Amino acid sequence: IIITDAIHPSLLREWNYTSFVDKCGESSATDGVQNHLLMIIDTLSDSHRKMMNGRMVQMFGTTVEEFREILVKAEGMTVRDLAKHMDSYRHVKNTWEHLSDYALPLTLHDWHTHQCPDLEKSLREHPLPFLIQYGLDWNRYFTTKRHDQSLIAQHLARTGMAFHAARETRAYPMHRHEQINENFMMVLSGAKRFVIFNKTEGHKLSPSPLRVQTEFDSDKYDKGDRLFGADALIPDYERFPMLKDANGFEGTVEEGEVVFIPCDSIHAIQNTEDVFAVAWHMGTRECVGAKLARHAEKEQQQQGQPRTSLSADEQRPHLKTEL
């Protein structure tokens with residue numbers, strides 16, 4: 001679902017790829033420089049690690065050990081430093097044929113917006129109206145912990161999450177979050193191309209045994225994000241013949257638009273332009289989609305329409321209509 005005309009014009013005038021660096025450039029980028037490839041590299045056999053090393057040298061002119069050093073230095077990066085780092089890789093023409101192709105450049109991913117007071121103030125003052133309509137207390141969203149005390153709730157309940165990335169970059173291969181985590185992402189500048197599949201299509205997408213842990217995984221959600229080998233953004237039907245039978249959605253979310261990413265979905269994202277976006281993660285005990293579907297069902301009953309007995313997934317068309 002792509003929602004148009006939902007972002008306040010003031011936000012679009014004030015915030016873009018460049019202005020984010022100008023206004024928030026001295027803030028620490030550390031918690032947004034998420035690159036979990038190193039965790040995977042450390043689990044590989046010597047022969048596979050050697051193969052990955054060769055690919056990284058070919059693609060980026062960087063060995064695995066040099067990549068480690070880049071990640072160590074990234075722990076002290078500011079937002080401005082990270083933007084310069086991304087600029088230094090603009091000459092790379094990536095094909096994302098191998099896992100190592102996702103190593104560089106580092107991008108800002110799931111960065112807590114409270115670290116930049118100007119940005120946080122703007123977001124508080126200009127809420128997304130359809131979330132208010134469905135009962136989200138916007139001010140409490142920033143200040144109150146959820147009842148669920150897992151890490152995902154503690155981190156996500158009180159802040160938006162910013163994404164700042166150069167054009168033609170990706171942060172991850174196709175993946176699925178194992179936590180109860182879905183979000184509304186608003187693109188303040190640039191554009192992102194999405195592919196999204198229901199989890200029931202996973203067997204057609206070459207599921208990998210590899211998983212990556214995120215900062216939101218806790219004892220309750222300890223499985224990590226499941227990776228998939230197929231690339232639905234650049235389909236290769238010879239390597240992944242079942243991909244052609246997979247039913248999903250694709251689209252480009254452009255400046256001023258909001259995309260709804262359902263929980264349990266398998267998705268991949270490519271930044272087709274220099275992007276600045278903010279996501280509102282709904283880290284609760286139940287998927288937001290199911291809650292909004294019930295809200296739509298309640299409205300139908302009040303209007304004298306017959307009660308539906310469809311499952312939450314089957315009610316998603318009702319959600320689309322309501323939004």
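User: Which residues does Trp15 touch, not counting residues up to four places away in sequence?

Analyst: In this predicted model, Trp15 touches Phe20, Lys23, Cys24, Cys116, Asp118, Leu119, Ser122, Leu188 and Phe276.

User: How should one read the nonpolar core, and which residues have the most contacts inside the largest one?

Analyst: The general idea is that nonpolar side chains in soluble globular proteins tend to be buried together. Here the largest nonpolar core holds 46 residues. Those with the most contacts inside this core are Trp15, Phe20, Phe67, Leu119 and Met186. Helix H5, spanning residues 64-74, gives the most to the core, contributing five residues.

User: How is the packing of two helices described, and at what angle do the axes of H2 and H6 cross?

Analyst: A packed pair is described by the angle between the two axes and by the distance between them. For helix H2 (residues 17-24) and helix H6 (residues 79-87), the axes cross at roughly 145 degrees and come within 8 Å. On the H2 side, the residues in contact are Tyr17, Phe20, Val21, Asp22 and Cys24; on the H6 side, they are Val79, Arg80, Ala83, Met86 and Asp87. By class, this contact has seven nonpolar and three charged residues, with no polar ones.

User: What do the totals say about the protein, beginning with how many helices and strands there are?

Analyst: The protein contains twelve helices and twelve strands. Of its 323 residues, 54% are buried. Among contacts between residues at least 6 apart in sequence, 81% join residues at least 24 apart. The exposed area is about 15300 Å², with carbon and sulfur atoms supplying 50% of it.

Key: Residues are numbered from 1 along each chain as its sequence is written. This is a predicted model: local features need pLDDT of at least 70, side-chain atom pairs count only at pLDDT 80 or more; totals for chains, interfaces and linings use all residues. Side-chain values use heavy atoms; hydrogens and water are left out. Helices (H or I, at least four residues) and strands (E, at least two) are DSSP runs, numbered from the N terminus. Buried means under 20% relative accessible area, exposed over 50%, partly exposed in between (1.4 Å probe, protein chains only). Contact means heavy atoms within 4.5 Å. Accessible areas come from the Shrake-Rupley method with a 1.4 Å probe; for residues, only the protein chains shown count as cover. Axes are lines fitted to C-alpha atoms, for helices over the stretch in contact, and angles run from 0 to 180 degrees between N-to-C directions. Ala, Val, Leu, Ile, Met, Phe, Trp, Tyr, Cys and Pro count as nonpolar, Asp, Glu, Lys and Arg as charged, and the others, Gly among them, as polar. A nonpolar core is a set of buried Ala, Val, Leu, Ile, Met, Phe, Trp, Tyr and Cys residues joined through side-chain atoms within 4.5 Å.
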